[in-house]
Structures are given as structure tokens and as C-alpha cells.
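Let's take a walk through a protein model together. Keep the picture open while you read, and find each piece as we come to it.

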Amino acid sequence: MKIEPPNKKDVRWIAERLVHADDLVYSALGKHLEGQLSDLALLQQVIDRNLVEREATYSLQALGLAFGKVFVNANENYDWWMVEDEYGRDPAIRYGETSIRVFPQTMISKRVEDQIEVNVRALYDGLLEQLDQIRREIDEDA
């Protein structure tokens with residue numbers, strides 16, 4: 001497995017999906033995503049209105065990346081990294097130079113595809129709580 005900062009191609013790839021997520025939200029709600037906590041409610045509205053079909057993986061993953069952008073913008077020391085393994089190359093959020101990584105791209109899509117109710121704010125808060133707990137455990141062991 002290789003973990004590295006996004007290169008220009010990766011940044012463009014992520015940006016295209018973030019633009020797609022913004023287009024989805026704007027066409028549905030007339031509002032743009034800003035990468036702030038307020039975006040969580042907009043993402044929730046798009047999901048609640050079933051504006052993206054379960055099979056629309058690209059769009060659902062774009063919403064997941066928008067969710068990730070909010071997380072990175074709101075939480076210090078988290079940033080985008082690329083993880084490459086035998087399955088491909090995917091964006092991940094990584095805490096500092098640690099092994100703590102999450103993959104927001106699929107956090108929404110997997111739940112929608114599996115017909116699990118998505119509560120975007122609870123997903124965000126739960127992720128933050130889990131990562132804080134892991135960080136505390138690492139700090140205690142250090």
C-alpha cells in the first residue's frame with residue numbers, strides 16, 4: 001500500500017467530483033456547497049429527497065467527497081491523501097502523519113446502496129468522535 005499527497009491529476013479528479021456534488025445540490029436546492037458545516041444539511045436534503053438513485057455511484061461518491069471536504073475544513077490536522085493498493089487509488093482523509101485514515105468517498109454511497117438510512121450530521125459527529133477516541137488512545141500509548 002502506498003500513501004502519498006494528491007498529485008495534480010488527483011486534485012483535478014477530486015475537484016471534478018466536488019463540482020458535480022455542488023451541481024447536484026444547486027440544481028435541487030438553489031444553494032452552493034461551501035465546504036462548511038452548513039453543507040451537511042444540504043447533503044441531507046439531497047439524500048432525503050431521493051434525488052440521487054441508489055445505482056448512481058458516481059453522484060453518491062461525489063456527495064461523500066463533499067462530506068469529506070467539510071470534515072477536513074472543520075478539523076485541524078486532517079488532510080487529503082491518496083491511498084493506492086491492489087484495488088486502485090482512492091482519496092482518504094488522514095490525521096497528520098499517523099495511520100489514521102478514513103475514506104469519505106464511500107461513506108454515503110455504501111449506506112444508500114445498502115438501503116441504510118443516512119443521517120449526515122450523525123455520520124459526521126460519529127466519525128469525529130471515533131477519530132478523537134483513536135487519537136486519544138494513540139496519545140496515551142505514546
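**Strands first**

In the hairpin that β3 and β4 make, with 5 residues between the strands, G96 takes a positive phi near 50°. Before we go on, some ground rules: this is a predicted model, so local features need pLDDT of at least 70 and side-chain atom pairs count only at pLDDT 80 or more, while totals for chains, interfaces and linings use all residues. Residues are numbered from 1 along each chain as its sequence is written, and side-chain values use heavy atoms, with hydrogens and water left out.

The Greek labels come from DSSP runs: helices are H or I runs of at least four residues, strands are E runs of at least two, and both are numbered from the N terminus. Two strands count as paired if DSSP finds at least two bridges between them.

Now back to that hairpin. Strand β3 covers residues 88–95, and strand β4 covers residues 101–102. The two run antiparallel, joined by 2 bridges. Look for I93 in β3: its bridge partner in β4 is V102.

I93 has a partner on another strand too, since W80 is bridged to I93. That takes us to strand β2, residues 78–85, which runs antiparallel to β3 and is joined to it by 8 bridges. β2 and β3 also form a hairpin, this one with 2 residues between them.

Follow β2 to one more neighbour, strand β1, which spans residues 2–4. β1 and β2 are antiparallel as well, with 3 bridges joining them. Here I3 stands opposite V83 of β2. As you trace these strands, keep a general rule in mind: in a regular strand the side chains alternate between the two faces of the sheet.

**Where charges meet**

Next, look for salt bridges, meaning a side-chain nitrogen of Lys or Arg within 4 Å of a carboxyl oxygen of Asp or Glu. How many salt bridges does this rule give? The count comes to 8.

One of them links the side chains of R89 and E84, at 2.9 Å from N to O. Are these two residues buried, exposed or something in between? Buried means under 20% relative accessible area, exposed means over 50%, and partly exposed is in between (1.4 Å probe, protein chains only). R89 has 24% and E84 has 31%, so R89 and E84 are both partly exposed.

Helix α5 has salt bridges of its own to show you. R135 and D132 both lie in α5, 3 residues apart, which is about one turn of the helix. Their closest N and O atoms are 2.6 Å apart. R135 is partly exposed at 23%, and D132 is partly exposed at 22%. Sharing partners, other salt bridges join K2, E4, D10, E84 and R89 into one network.

Also in α5, D125 and R121 meet in a salt bridge of 3.1 Å, N to O. They sit 4 residues apart in the helix, so about one helical turn separates them. D125 is partly exposed at 34%, as is R121 at 40%.

**Two helices that pack**

Helix α5 spans residues 120–141, and it packs with helix α2, residues 39–48, at an angle of about 130°, with the axes 8 Å apart. Axes here are lines fitted to C-alpha atoms, for helices over the stretch in contact, and angles run from 0 to 180 degrees between N-to-C directions. Under 35 degrees counts as roughly parallel, over 145 as roughly antiparallel, 65 to 115 as roughly perpendicular and the rest as oblique, so α2 is oblique to α5.

Which residues make the contact (heavy atoms within 4.5 Å)? From α2 come L40, L43, Q44 and I47, and from α5 come V120, R121 and Y124. You met R121 a moment ago in its salt bridge with D125.

**A last stop in a loop**

Finally, find R49 in the loop between α2 and α3 (57–74). R49 is partly exposed, with a relative accessible area of 47%. Leaving aside neighbours within four places in sequence, R49 is in contact with A28 and L29. R49 and A28 are 21 residues apart in sequence, and their C-alpha atoms are 9.0 Å apart in space.

How values were computed: Contact means heavy atoms within 4.5 Å.
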